[in-house]
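Before you use these coordinates, please read through the points below with the model open beside them. They deal with ring pairs and with the packing of helices.

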Amino acid sequence: MSETEQLIWNFFQMGYLINAMSFIGTIIAIWLALRIANMTRENSESNIVSKLLSTAFGLCVVAGSWQQFTLATAPWLNAADAITTFGVDNMSNPERSQAFLDYVGSTDLASMPTPLGIAFLVVILLMILGLIWGPKNN
């Protein structure tokens, strides 16, 4: 395995670890947004200002999660671009490298999360807004 190939896979793995840490932070932020939405709902003294602030916080968390989910594709796309630039035939295992490129499918930068990520964030947003603005069944 050449030094260039080793760097490609090392950078890919480092990006993967960074994404894992970012995902943990995202989950904690989503949990906090849901907790704030629930506290806003349960507090009998919540007024329109507190509901608007809770909504703004929830929207910021979902927007940040959207950005993180989009950036999570970067290691895959960067590795695919590096393999393409280096040349599949120059890799120590050209078949596996080509399979990686086929799996990734593109070297273009992503402008939005995957469909599953979008569905997840829409569900989270509906949960936050439903907790804050939905009718209470006492």
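1. In this predicted model, the count of aromatic pairs comes to 10. One of them joins W9 and F12, whose rings lie 6.1 Å centre to centre with 80 degrees between the planes, an edge-to-face arrangement. Both W9 and F12 belong to helix α1, where three residues, or about one turn of the helix, separate them.

2. How exposed or buried are the two partners? W9 is partly exposed, with a relative accessible area of 21%, and since the boundary for buried is under 20%, this label rests on a value that should be read together with the cut-off. F12, at 8% relative accessibility, counts as buried. F12 also pairs with Y16: the ring centres are 5.6 Å apart and the planes stand at 40 degrees, so this pair is tilted. F12 and Y16 are four residues apart, again about one turn of the helix, and both lie in helix α1, while Y16 itself is partly exposed at 44% relative accessibility.

3. Which residues make up the aromatic cluster to which these rings belong? W9, F12 and Y16 form one aromatic cluster together with W76, F100 and Y103, and it may help to display these six side chains together when checking the pairs.

4. Turning to helix packing, two packed helices are described by the angle between their axes and the distance between the axes. Helix α1 (residues 3–42) packs against helix α2 (residues 48–71) at an angle of about 165 degrees, the axes being 10 Å apart. Because angles over 145 degrees count as roughly antiparallel, α1 and α2 are roughly antiparallel to each other. Their crossing is left-handed. The residues of α1 in this contact include F23, A29, I30 and A33, and those of α2 include F57, G58, V61 and F69. By class, the contact of α1 with α2 divides into 10 nonpolar, nine polar and one charged residues.

5. Helix α5 (residues 115–133) packs against α1 at an angle of about 20 degrees, with the axes 7 Å apart. The angle is under 35 degrees, and α1 and α5 are therefore roughly parallel to each other. On the α1 side the contact includes I27, I30, A33 and L34, and on the α5 side F120, I124, M127 and I128 are among the residues involved. Here the division is into 11 nonpolar, three polar and one charged.

6. How do α2 and α5 lie with respect to each other? Their axes come within 10 Å and cross at roughly 175 degrees, which makes α2 roughly antiparallel to α5. Among the contributors from α2 are L52, T55, G58, L59 and V62, and among those from α5 are G117, L121, I124, L125 and I128. This contact of α2 with α5 has 15 nonpolar, five polar and one charged residues.

7. G58 deserves a separate look, as a residue of helix α2 that takes part in the contact with α1 and also in the contact with α5. At 1% relative accessibility, G58 counts as buried. Leaving aside residues up to four places away in sequence, G58 touches A33 and I128; A33 is listed in the α1 part of the contact with α2, and I128 in the α5 part of the contact with α2. G58 and L34 are 24 residues apart in sequence, yet their C-alpha atoms are 7.6 Å apart in space.

Technical notes
Residues numbered from 1 in each chain as written. Predicted model: local features only at pLDDT ≥ 70, side-chain atom pairs only at ≥ 80, totals over all residues. Heavy atoms only, no water. Axes fitted to C-alpha atoms, helices over the stretch in contact; angles between N-to-C directions. Helix = DSSP H or I, 4+ residues; strand = E, 2+ residues; numbered from the N terminus. Parallel < 35°, antiparallel > 145°, perpendicular 65-115°, else oblique. Left-handed = near helix turned anticlockwise from the far one by under 90°. Contact = heavy atoms within 4.5 Å. Nonpolar A, V, L, I, M, F, W, Y, C, P; charged D, E, K, R; others polar. Phe/Tyr/Trp six-rings, centres within 6.5 Å; stacked < 30°, edge-to-face > 60°. Buried < 20%, exposed > 50% of the residue type's maximum accessible area, 1.4 Å probe, protein only.
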